[in-house]
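Dear colleague,

I am handing over the structure we spoke about, and my notes follow directly below it. Please read them with the model open beside you.

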Amino acid sequence: MESHSSSASDTYASSYSNRDPGMNVPVHSQQNLAPLSPYLNFDPVYLPQSQPEFIFPEGASRQRGRFELAFSQIGVSCMAGAAVGGIGGLYNGLRNTTLAGHTGKLRRTQLINSVMKQGSATANTLGVLAVMYSGFGVLLSWGRGSDDELNTLAAATATGVLYKSTAGVKKCGIGGAVGLGLASIYCLWTARDRLQGFQQEYNPAWKR
Amino acid sequence: MEEYAREPCPWRIVDDCGGAFTMGCIGGAVFQSIKGFRNAPSGMNRRLLGSLAAIKQRSPIIAGNFAIWGGMFSTIDCTLVHFRKKEDPWNSIISGAATGGILAARNGLPAMAGSAVIGGVLLALIEGVGILFTRISAEQFKPPNPILEDPSQLGPPPGFHQQPNY
């Protein structure tokens, strides 16, 4: 046993010695990185330094889709509606109670009623609009397989049409137009960098 | 449940509010359509119109109530997470009870207590079912126990003496 192992170690030591030129490969790519860690054995130039690199699960898209954002959007619009409506209700309540000359407990109850009523009404309206918009957006991006400005425009138009769908053809069209207009403004705002790029490309007078 | 699939805490309030609003909106639309259909005067056209009117009238209100419940629940949940420094089923149960109590605050003390109890029990049920499902799904991934049998109990194999097998 003893002789076996000693002979084996001799064999290994003789064939894989330190003096073998094949074993003298430097472990570190750059000498100044050596005190950091032996695992930094790569050229840091390959690391992108400007943008963060996230690790995504397999099959996941690089950006959150419409469905993941839908609940947040609905919640935001609902809360914003509650806040705006509540402030409006407070203003209306203050004006009405002052005009009516209410004081004390009566005025307080009237104020609370006014705030709750107008706040919930505005919150419900905005929330329903957001639910419709998100639903259409999710359906469109799911059906078309892509998520772009066209989805936003189509979803907003469909939301306007659906929201006013029981109020007659004319109002329905107006609702769709309002939706389309708001969505176009939003798209122009979010895509202004790209549009500027187009302008610089095609307009020779714009060159700097 | 999947704790990492949800938003981190302050944003969870908005997310839960939106989710509850959506749930109330769709669920309320379904229920109100049935109710409006049943309560309308006879005739298919009138029934459909009644169903539509009921949806338009009532489902945003139900959705708003759901949203208030969800937002309040999540707010209290996050407050508890902040102060207790841990996330466990008790947070949900306490915040369910507190939400039920607070939202019935204008109906008097007995109504508050009743609502709080209902909210607490409801959330306890939900959390219990969640824990149960976690247990069941964890059971699937348990490594199987290797079955070790003592071969000496079996005795010699039949035909051992008659035909040596080599």
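How many helices and how many strands make up the secondary structure of chain A? The model, which is a predicted one, gives chain A six helices and zero strands, so that, by the definition of these elements, the order from the N terminus reads α-α-α-α-α-α.

Turning to chain A as a whole, buried residues account for 21% of its 208 residues, and about 15500 Å² of its surface is exposed, with carbon and sulfur atoms supplying 64% of that area. Among the contacts in chain A with a separation of 6 or more, 48% link residues that lie 24 or more positions apart.

The interface with chain B may be of interest to you at the bench. Chain A brings 18 residues to this contact and chain B brings 17 residues, and the area buried between the two chains is about 1300 Å², of which 70% comes from carbon and sulfur atoms. Phe71(A), Met79(A) and Asn124(A) together supply 34% of the area that chain A buries against chain B, which is more than any other three residues give.

As for polar interactions, there are zero salt bridges between chain A and chain B, whereas four residue pairs are in polar contact across the interface, both partners being at pLDDT 80 or more. On the side of chain A that touches chain B, the elements that give two or more residues are α2 (66-100) and α3 (104-144), and the largest share, nine residues, comes from α3(A). Sorted by class, that side of chain A holds ten nonpolar, seven polar and one charged residues.

With best wishes

Notes. Residues numbered from 1 in each chain as written. Chains lettered and ligands numbered in written order. Predicted model: local features only at pLDDT ≥ 70, side-chain atom pairs only at ≥ 80, totals over all residues. Heavy atoms only, no water. Helix = DSSP H or I, 4+ residues; strand = E, 2+ residues; numbered from the N terminus. Buried < 20%, exposed > 50% of the residue type's maximum accessible area, 1.4 Å probe, protein only. Contact = heavy atoms within 4.5 Å. Areas by Shrake-Rupley, 256 points an atom, 1.4 Å probe, with all protein chains shown as cover. Buried area = accessible area lost by both parts, 1.4 Å probe. Salt bridge = Lys/Arg side-chain N within 4 Å of Asp/Glu carboxyl O. Polar contact = N/O pair within 3.5 Å; in protein donor to acceptor, adjacent residues only side chain to side chain. Nonpolar A, V, L, I, M, F, W, Y, C, P; charged D, E, K, R; others polar.
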